[in-house]
Amino acid sequence: MPMTFKITFKNSTAKVKHLIATLIINNSDSFICSGHKQLDVSIFAFSEKELTFNLYPLIVDWHNLPQFVLEYNTQSDPTKDETQNNLLNELVQRSVPKKVFISPPLKQQNK
């Protein structure tokens, strides 16, 4: 049964933010993902943007979620540097959940 992993960004500044969002799924993880795993995102001034990833859990139990990485798109905004990317990454790592419990699907009763 698919699971939706949604992340909402809010730009409270007067400038457009150009970002690269990446969902990293390792071979040893307990999920597969359908759809794009890396996206170029532009968030307009004083607006919100929602990203949705479709995850398919493979095993029942507690599992680490795929790692979500967010960085500035330095080609679109050359004023951003590695220091600002590190600060953004720290904020993302504090804000995004790390684990999830996958419960077994409910058995349907035959009528």
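**Exercise 1. Work out whether Phe5 is buried or exposed, and what surrounds it.**

Start with the accessible area: Phe5 comes out at 8% relative accessible area, so it is buried (buried means under 20%, exposed over 50%, partly exposed in between, using a 1.4 Å probe and protein chains only). Bear in mind that this is a predicted model, where local features need pLDDT of at least 70 and side-chain atom pairs count only at pLDDT 80 or more, while totals for chains, interfaces and linings use all residues. Residues are numbered from 1 along each chain as its sequence is written, and side-chain values use heavy atoms, leaving out hydrogens and water.

Next, list the neighbours. Leaving aside residues up to four places away in sequence, Phe5 touches Leu23, Leu51, Thr52, Phe53, Leu55, Leu65 and Val96 (contact means heavy atoms within 4.5 Å).

**Exercise 2. Follow the aromatic pairs that involve Phe53, and classify each one.**

Step one: the structure holds 4 aromatic pairs (ring centres of Phe, Tyr or Trp, the latter by its six-membered ring, within 6.5 Å; planes under 30 degrees apart are stacked, over 60 edge-to-face, the rest tilted).

Step two: Phe5 and Phe53 have ring centres 6.4 Å apart and planes at 40°, so call this pair tilted. Phe5 sits in strand β1 (residues 3–11) and Phe53 in strand β5 (residues 47–57), so the pair ties together parts 48 residues apart in sequence (strands are DSSP runs of E, at least two residues; helices are runs of H or I, at least four; both are numbered from the N terminus).

Step three: Phe53 is buried too, at 1% relative accessibility. With Phe68, the centres are 6.1 Å apart and the planes at 65°, so that pair is edge-to-face. Phe68 belongs to strand β7 (residues 67–72), so here the linked parts are 15 residues apart.

Step four: put the rings together. Phe5, Phe9, Phe53 and Phe68 make one aromatic cluster.

**Exercise 3. Find which residues touch the most other members of the largest nonpolar core.**

First, the set: this core has 23 residues (buried Ala, Val, Leu, Ile, Met, Phe, Trp, Tyr and Cys joined through side-chain atoms within 4.5 Å). Then the contacts: Phe5, Leu55, Phe68 and Leu70 touch the most other members. Finally, the elements: those giving two or more residues include β1, β5, β7 and α1 (82–95), and the largest share, 4 residues, comes from β1.
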